[in-house]
Amino acid sequence: MAPGAPPAGVLKAVLDAVGVFFPQEHRSTSAARATVIATNAELRERELLKSAELADAVESAVREQGRGEVVARFLATLALLALDTAHRRWIADPDGRTYGEHAHETLDELVVQASELPGPRARKG
């Protein structure tokens with residue numbers, strides 16, 4: 001990630017980096033894997049641990065850019081949400097669109113939703 005990249009750029013870099021693990025030819029295998037994980041508590045726990053490690057890595061990378069704790073945690077959380085949502089959409093897509101298409105569409109939706117959040121409240125002095 002380039003230092004000072006905008007938050008959406010940071011998330012796009014994360015999604016693109018992870019996307020190499022989801023080539024189109026592995027879609028049916030990924031779908032089968034997701035089904036097995038969904039039915040096994042130990043595998044779900046293991047997936048949660050991997051997600052936590054990924055979130056920590058994203059948070060560390062964002063902090064290395066000089067961003068604060070809140071921004072780093074926020075972007076790490078959004079990255080996990082985007083990755084999970086894009087992956088679920090990708091394996092369920094009857095039209096066979098790529099993981100990257102789903103990832104970028106999901107990111108666009110998150111950016112729109114984040115922009116619609118209310119602004120900070122004025123502090124009483």
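## What a helix is here

Helices in this report are DSSP runs of H or I with at least four residues, numbered from the N terminus. With that in hand, we can look around this structure, which is a predicted model.

## The overall picture

Let's start with the big view. How many helices and strands does the secondary structure of the protein come to? There are five helices and zero strands. Walk along from the N terminus and the elements read α-α-α-α-α. Taken along the principal axes, the box that the C-alpha atoms fill is roughly 55 × 30 × 30 Å.

The protein has 125 residues, and 26% of them count as buried. It exposes about 8400 Å², with carbon and sulfur atoms supplying 58% of that area. Now take the contacts in the protein with a separation of 6 or more: 62% of them come from residues 24 or more positions apart.

## Helices α1 and α4

Two helices are worth a look for their length. Helix α1 has 13 residues, which should span 18 Å at 1.5 Å a residue, and its end C-alpha atoms are indeed 18 Å apart. Helix α4 has 24 residues and reaches 35 Å from its first C-alpha to its last, close to the expected 34 Å.

Which residues of α1 are buried? They are V10, L11, V14, L15, V18 and G19. These buried residues of α1 pack against α3, α4 and α5. A bit of background helps you read such a list: an α-helix has 3.6 residues a turn, so residues three or four places apart point the same way.

For α4, the buried residues are A72, L75, A76, L78, A79, A82, L83, A86, H87 and W90. Their cover includes α1, α2, α3 and α5.

## The nonpolar core

The largest nonpolar core has 23 residues, and the members that touch the most others are L11, L15, V58, V62, L83 and Y99. Four elements, α1, α3, α4 and α5, give two or more residues each to this core. Helix α4 provides the largest share, with nine residues.

To see what one core member does, zoom in on L15. What is L15 in contact with, leaving aside its neighbours within four places in sequence? The list is A82, L83, Y99, A103 and L107. Two of these partners, A82 and L83, are themselves buried residues of α4.

## A cluster of rings

Next come the aromatic rings. How many aromatic pairs does a search of the whole structure find? The search turns up three. One of them joins F22 and W90: the ring centres are 5.6 Å apart and the planes sit at 55 degrees, so this pair is tilted. Because F22 is in the loop between α1 (7-19) and α2 (27-38) while W90 is in helix α4 (residues 69-92), the pair ties together parts that are 68 residues apart in sequence. Are F22 and W90 buried or exposed? Both are buried.

F22 also pairs with Y99. Here the ring centres are 4.8 Å apart and the planes are at 40 degrees, so this pair is tilted too. It links distant parts of the chain, with F22 in the loop between α1 and α2 and Y99 in helix α5 (residues 99-115), 77 residues apart. Y99 is buried, just as F22 is. Put together, the ring pairs link F22, W90 and Y99 into a cluster.

## Two charged residues up close

Finally, zoom in on E59 and K12. E59 sits in helix α3 (residues 41-64). Why does E59 count as buried? Its relative accessibility is 14%, and buried means under 20%. Not counting residues up to four places away in sequence, E59 touches A72, R73 and A76. Of these, A72 and A76 are among the buried residues of α4.

K12 belongs to helix α1. With a relative accessible area of 36%, K12 is partly exposed. Setting aside residues up to four places away in sequence, K12 touches H104 and L107. L107 also turns up as a contact of L15. What does the side chain of K12 make a polar contact with? Its partner is the side chain of D16, at 2.7 Å. Lastly, K12 and R63 are 51 residues apart in sequence, and their C-alpha atoms are 17 Å apart in space.

Key
Residues numbered from 1 in each chain as written. Predicted model: local features only at pLDDT ≥ 70, side-chain atom pairs only at ≥ 80, totals over all residues. Heavy atoms only, no water. Buried < 20%, exposed > 50% of the residue type's maximum accessible area, 1.4 Å probe, protein only. Contact = heavy atoms within 4.5 Å. Phe/Tyr/Trp six-rings, centres within 6.5 Å; stacked < 30°, edge-to-face > 60°. Core = buried A, V, L, I, M, F, W, Y, C linked by side-chain atoms within 4.5 Å. Expected span 1.5 Å × (residues − 1). Polar contact = N/O pair within 3.5 Å; in protein donor to acceptor, adjacent residues only side chain to side chain. Areas by Shrake-Rupley, 256 points an atom, 1.4 Å probe, with all protein chains shown as cover.
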